[in-house]
Structures are given as structure tokens and as C-alpha cells.
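Thanks, everyone, for making the time. I would like to walk you through one helix and the packing around it, so let me put the sequence and the structure up.

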Amino acid sequence: PYTARIAELAVGLGVRSRLHMTGLVSQRCLHDLYTQAAVHVYPAPEEDYGMGIVEAMAHGLPVVAWRSAGPAGIVEHEATGLLVAPGDQDGFNAAIARLLEHPGLSERLGQAGRRLVADRLSEAGHLSLLERELQAALKEQTGLRRRGWGWLRLAVQAAAGLVLLAVWAHLAPLAQVAARAR
């Protein structure tokens, strides 16, 4: 029903011939679509995380999204993409047009997004963060033992490490996405 409504809307706007509705696609096809795109437009207003945003950024695409929920925590406005105030449809349209009309800006934001994913959201980035946290825990362990709270700090840091590993395990396909995008 939703897909049919989108198709009807496209007909009413006179753009149906320019709209490609793919349905569910394979990972390989998704990779091809990302590499052919100029901008990743993310119109979901209340997405918790936005894995599509991370995948698009791993492919070097600039992102246009609402400045709310998950996208606001992933996209850095004017650094990896453009964030628009929720509900500002004119601003959203203008952000898309701006990236399409300024390929240099699109390239800069897209490459910054690719670096952000590689540095902070990839397997290597998560392992590096985990290593830094564990090293910090070891440094502080001696001082905390003197105060009798060393066991608590170590337990909290171990739990944080497990959370990071769980996040990494969820994002593990990003390594494959980033490798294909290069």
C-alpha cells in the first residue's frame, strides 16, 4: 500500500518516469546503488539510529537528514552532511539542491563521512576505543585500589567494553561495506 501511494504521488507530480522503486535488494545491488548516487536523502523523521546513513557515509556519500533522533548523532552538520530542522520541508529541499548544485561540497562532505565511519564506526575504530578505555582502566586501577573502589571501576569498564563489543558485532558488516566502497 505504501509503495503504491508513493508511485501515485510521483505520477501526480509528473516525476514517475524518473523514480526507480527497487524494493528489497541484495547487498551487492545496494553497494551499486550507493556508488551511483550523488546524495543520500534520509527523510525518516524519527529513526533511532539510521544504519542506512552509516552505510551511505561508508560509501562516501553526503547525507541530508532531519536534525533529530539518530541522524543528529551520526551526521555532523556541514562536516559530513546537512541536517535540517524537523518539519522544514523547504529547508530539506534546499539542502538536497545545494549538494546537487555544488559537487565540490558534496565530495568534501562525502569524504569526511567516509573518514568518520572508518575512524569511529568501523571495527578498527571500536577496537581502538576499547583498547584506550582498557588502558585507562589499568592506569587508574592502582589509585582506586587505595580507596577500595578498584573492583567497581574495573567491573564498570569491563561492562562498557562488552557493550562496545556488542555494538561492534552489530556493525561488523561495515568493514565489508567500507572495503567494497574503496
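Before I begin, one convention: when I say contact, I mean heavy atoms within 4.5 Å. Please also keep in mind that this is a predicted model.

With that cut-off, and leaving aside neighbours within four places in sequence, Val 117 is in contact with Val 54, Met 57, Ala 58 and Ser 122. Val 117 is also one of the residues with the most contacts inside the largest nonpolar core, which has 13 residues, and Ile 53, Met 57, Val 63 and Ala 65 are listed alongside it. The elements giving two or more residues to this core are α3, β2 and α6, and the largest share, 4 residues, comes from α3. Apart from this core lies another, of 11 residues, among them Trp 66, Phe 92, Leu 105 and Leu 109.

Let me turn now to helix α5, residues 89-101, whose 13 residues should span 18 Å at 1.5 Å a residue, which agrees with the 18 Å between its end C-alpha atoms. Which residues of α5 are buried? They are Gly 91, Phe 92, Ala 95, Ile 96 and Leu 99. Seen down the axis of α5, these buried residues fall within an arc of 140°, so they line one face of the helix. As a general point, an α-helix has 3.6 residues a turn, so residues three or four places apart point the same way. On the other side of α5, Asp 90, Leu 100 and Glu 101 are exposed, while the cover over its buried residues includes β1, β2, β3 and α6.

How values were computed
Residues are numbered from 1 along each chain as its sequence is written. This is a predicted model: local features need pLDDT of at least 70, side-chain atom pairs count only at pLDDT 80 or more; totals for chains, interfaces and linings use all residues. Side-chain values use heavy atoms; hydrogens and water are left out. The expected span of a helix is 1.5 Å times one less than its number of residues. Buried means under 20% relative accessible area, exposed over 50%, partly exposed in between (1.4 Å probe, protein chains only). The arc is that of the directions from the helix axis to the C-beta atoms. A nonpolar core is a set of buried Ala, Val, Leu, Ile, Met, Phe, Trp, Tyr and Cys residues joined through side-chain atoms within 4.5 Å.
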